[in-house]
Amino acid sequence: MGYVINDKCINELDGSCVDVCPVDSIYEGLTKRYINPTECIDCGACLPECPVDAIATPKKADPTWAQDNAEFFSVTLPGKDAPLESPGGAYGTGPIGVDTPLVANWNKE
């Protein structure tokens, strides 16, 4: 499991963490970023760059957000035909334009 981005990142799409990720494993949803758990190499470069302290180590991550982060890649998101899985880097994929149901519902509150 890689690092996890929690609810502090909702509606905060500052790209500082993306700029320092050596393996390009931080993807952009509609209102939140997600770290691909199979692409992340657990280097920690993103931790000090996050302006809202939304990134947690695998051992310290809230299980709810760890699951949500993984589901961004493993389930078919609304409006998509298949799971994103591991496309090999966020740069080539670009913004995904949709969030997980947990984040989408969070924004409605």
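This passage describes the internal cavities, the charged and polar side-chain contacts, and selected loop residues of a predicted model.

Local features were considered at pLDDT of at least 70 and side-chain atom pairs only at pLDDT 80 or more, whereas totals for chains, interfaces and linings use all residues. Residues are numbered from 1 along each chain as its sequence is written, and side-chain values rest on heavy atoms, with hydrogens and water left out.

Two cavities of 30 Å³ or more were found. A cavity is here a set of points, on a 1 Å grid over the protein atoms alone, where a 1.4 Å probe fits but cannot get out, and its lining residues have an atom within 4 Å of a point. Grid points are joined across faces, edges and corners, and the volume is the space filled by probe spheres set on the points. The largest cavity has a volume of about 80 Å³. Its lining comprises 14 residues, of which C21, S25, C40, C43 and C46 are the closest to the centre. By class, this lining of the largest cavity consists of 11 nonpolar residues, two polar and one charged; Ala, Val, Leu, Ile, Met, Phe, Trp, Tyr, Cys and Pro count as nonpolar, Asp, Glu, Lys and Arg as charged, and the others, Gly among them, as polar. The second largest cavity encloses about 70 Å³. Residues lining the second largest cavity include C9, C17, R33 and C50, and its lining divides into eight nonpolar, no polar and three charged residues.

R33, part of the lining of the second largest cavity, also takes part in a salt bridge with E28, at 3.4 Å from N to O. A salt bridge requires a side-chain nitrogen of Lys or Arg within 4 Å of a carboxyl oxygen of Asp or Glu, and the structure holds one. Side chains of opposite charge can pair when their charged atoms come close. R33 is buried, with a relative accessible area of 7%, while E28 is partly exposed at 24%; buried denotes under 20% relative accessible area, exposed over 50%, and partly exposed the range in between (1.4 Å probe, protein chains only).

D99 is located in the loop between α3 (90–93) and α4 (101–108); helices (H or I, at least four residues) and strands (E, at least two) are DSSP runs numbered from the N terminus. Although buried, D99 has no salt bridge, and the nearest side chain of opposite charge, that of K32, is 6.9 Å away; for this purpose Lys and Arg count as positive and Asp and Glu as negative, with His and the chain ends not counted. The side chain of D99 instead makes a polar contact of 2.7 Å with the side chain of T31 and another of 2.9 Å with that of Y34. A polar contact is a pair of N or O atoms within 3.5 Å; within protein, one must be able to donate a hydrogen and the other to accept it, and residues adjacent in sequence count only if both atoms are side-chain atoms. In addition, the backbone nitrogen of L30 lies 3.2 Å from a polar atom of the D99 side chain. T31 belongs to the loop between β2 (26–28) and β3 (33–35) and is buried at 14% relative accessibility.

Two non-glycine loop residues have positive phi values. D24, in the loop between α1 (16–20) and β2, has a phi near 60° and is partly exposed at 21%. D53, in the loop between β3 and β4 (55–56), has a phi of about 50° and is exposed at 54%.

Key:
1 Å grid on protein atoms, 1.4 Å probe; cavity = no way out; pocket = protein on both sides within 12 Å on 5 of 7 lines; lining within 4 Å.
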